Amino acid sequence: MAMESITFDINEALKHYMSDPASIPTPEADGALFDCENEPDALTNAVIDPVLNPIVDAVAENPEAITRASYMDSLQFLLKYASYLPTHALSKLFDLVMSGLAAEADAILHDLESPDDQETLAHHKHLLEVYGFLLQWTVAAVETKAAEKSSAQPVARGRQVKVKGQLGEMAKCLEDEDRRIADLARMFFTELSTKDNAVYNHFVDMFSLLSAEKGLGEESFRRIVRFLLGFVEKDKHARQLADKLAARLARCDTERQWNDVAFALGLLPHKNEEIAR
């Protein structure tokens, strides 16, 4: 018997998400998750792993598996209760979405060799929208979880959900040749910017990855940095970024690295005096 696939509309999904994520219906979620609906503290790894593991395996085999109604609803159910999830489970969910998105991106690159196949391109667009939606929700959940943990107690080293490297990779998508991928990346960072200064918090890490990326042209790099710094609105944050970036000037090994730092400093309203030396 074939598994039922979702009917996904990105505009409807975003409307529900922006209004109240808890309002997103998840009728096909795994029964073991529903059993914890009234007692979310019961969402332990022992409950979650048997639900997530088959989804991880299915998506690893074929990124289209994300469109199975039971899988999609189970993931959305977990995201609705993300604040109750163990770090291990949230990290696994994040990795699942990122690996599925990466596999789908590879499939797109392969199929773009036949750009006249409009049906195939439409199918890829649909999958990108699904993964893009899940990714922005997952990153928001990770940021919220991290904020809760940092305010409650120090987080043990090695148990944090690793976001920074993934955000740098996502930032590169802002200059993807496929306009649809670039648009999804812009949507993602626009949403991310509303989450507790998330772009500011991860800017230096993203900048480091982008500046070290040999395949990224200087103009593309500058467009990405300009876009990201547009979300740094507080004077205090601008000053702090200027200080951190200016400290890198003395450590630059190449003219390109120095130019990258100088360009970013030039976009910040508060420039460190180091740039003038």
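1. Ser 74 is buried, at 3% relative accessibility. The model is predicted. Ser 74 sits in helix α4, which spans residues 69-80. Its side chain has a polar partner within that helix: a polar atom of the Ser 74 side chain lies 2.7 Å from the backbone oxygen of Ser 70. Setting aside residues up to four places away in sequence, Ser 74 touches Ala 29, Asp 30, Leu 33, Val 51 and Ile 55. Burial follows from the cut-off: a residue counts as buried under 20% relative accessible area, and Ser 74 has 3%.

2. Pro 54 is another case. This residue belongs to helix α3, residues 45-61. Its relative accessible area is 37%, so Pro 54 is partly exposed. Beyond four places in sequence, Pro 54 has contacts with Asp 49 and Tyr 71. Tyr 71 is 17 residues away along the chain, with a C-alpha to C-alpha distance of 8.9 Å from Pro 54.

3. Next, the overall fold. How many helices and strands does the protein chain have? It has 12 helices and zero strands. Read from the N terminus, the order is therefore α-α-α-α-α-α-α-α-α-α-α-α. The chain has 277 residues, and 43% of them count as buried. The exposed area is about 14,600 Å², with carbon and sulfur atoms supplying 48% of it. Now take the contacts between residues at least 6 apart in sequence: 73% of these join residues at least 24 apart.

4. Leu 127 gives an example of a contact between distant parts of the sequence. Helix α6, residues 118-152, holds Leu 127. Is Leu 127 buried or exposed? It is buried, with a relative accessible area of 0%. Glu 64 is 63 residues away along the chain, yet the C-alpha atoms of Leu 127 and Glu 64 are separated by 7.0 Å. Glu 64 is also in the contact list of Leu 127, together with Pro 63, Ile 66, Thr 67 and Glu 104; neighbours within four places are left aside.

5. Ile 108 lies in helix α5, residues 87-111. Ile 108 is buried, at a relative accessible area of 3%. Leaving aside neighbours within four places, its contacts are His 124, Leu 128, Asp 178 and Ile 181. His 123 is 15 residues from Ile 108 in sequence and 9.9 Å from it in space, C-alpha to C-alpha.

6. The α9/α10 pair deserves a separate look. Helix α9 covers residues 198-212 and helix α10 covers residues 218-229. Their axes come within 11 Å and cross at roughly 175°. That angle makes α9 roughly antiparallel to α10, because angles over 145 degrees count as roughly antiparallel. By class, this contact has 10 nonpolar residues, one polar residue and no charged residues.

7. Which residues make the α9/α10 contact? From α9 come Val 199, Phe 203, Met 206, Phe 207, Leu 210 and Ser 211. From α10 come Phe 221, Ile 224, Val 225, Leu 228 and Leu 229. Several of these names return in the next two points.

8. Gly 168 is found in helix α7, residues 164-172. Gly 168 counts as buried, at 0% relative accessibility. Not counting residues up to four places away, Gly 168 touches Met 206, Leu 209 and Leu 210. Met 206 and Leu 210 also belong to the α9 side of the contact with α10. The C-alpha atoms of Gly 168 and Phe 207 are separated by 7.5 Å, and the two residues are 39 apart along the chain.

9. Asp 260 is a charged residue to check. Its place is in helix α12, residues 255-267. At a relative accessible area of 0%, Asp 260 is buried. What joins the side chains of Asp 260 and Arg 256? A polar contact of 2.8 Å does. Asp 260 also touches Phe 207, Ser 211 and Phe 221, not counting residues up to four places away. Phe 207 and Ser 211 are in the α9 part of the α9/α10 contact, and Phe 221 is in the α10 part. Asp 260 thus touches residues of both α9 and α10.

Note on methods:
Residues are numbered from 1 along each chain as its sequence is written. This is a predicted model: local features need pLDDT of at least 70, side-chain atom pairs count only at pLDDT 80 or more; totals for chains, interfaces and linings use all residues. Side-chain values use heavy atoms; hydrogens and water are left out. Axes are lines fitted to C-alpha atoms, for helices over the stretch in contact, and angles run from 0 to 180 degrees between N-to-C directions. Helices (H or I, at least four residues) and strands (E, at least two) are DSSP runs, numbered from the N terminus. Angles under 35 degrees count as roughly parallel, over 145 as roughly antiparallel, 65 to 115 as roughly perpendicular and the rest as oblique. Contact means heavy atoms within 4.5 Å. Ala, Val, Leu, Ile, Met, Phe, Trp, Tyr, Cys and Pro count as nonpolar, Asp, Glu, Lys and Arg as charged, and the others, Gly among them, as polar. Buried means under 20% relative accessible area, exposed over 50%, partly exposed in between (1.4 Å probe, protein chains only). A polar contact is a pair of N or O atoms within 3.5 Å; within protein, one must be able to donate a hydrogen and the other to accept it, and residues adjacent in sequence count only if both atoms are side-chain atoms. Accessible areas come from the Shrake-Rupley method with a 1.4 Å probe; for residues, only the protein chains shown count as cover.
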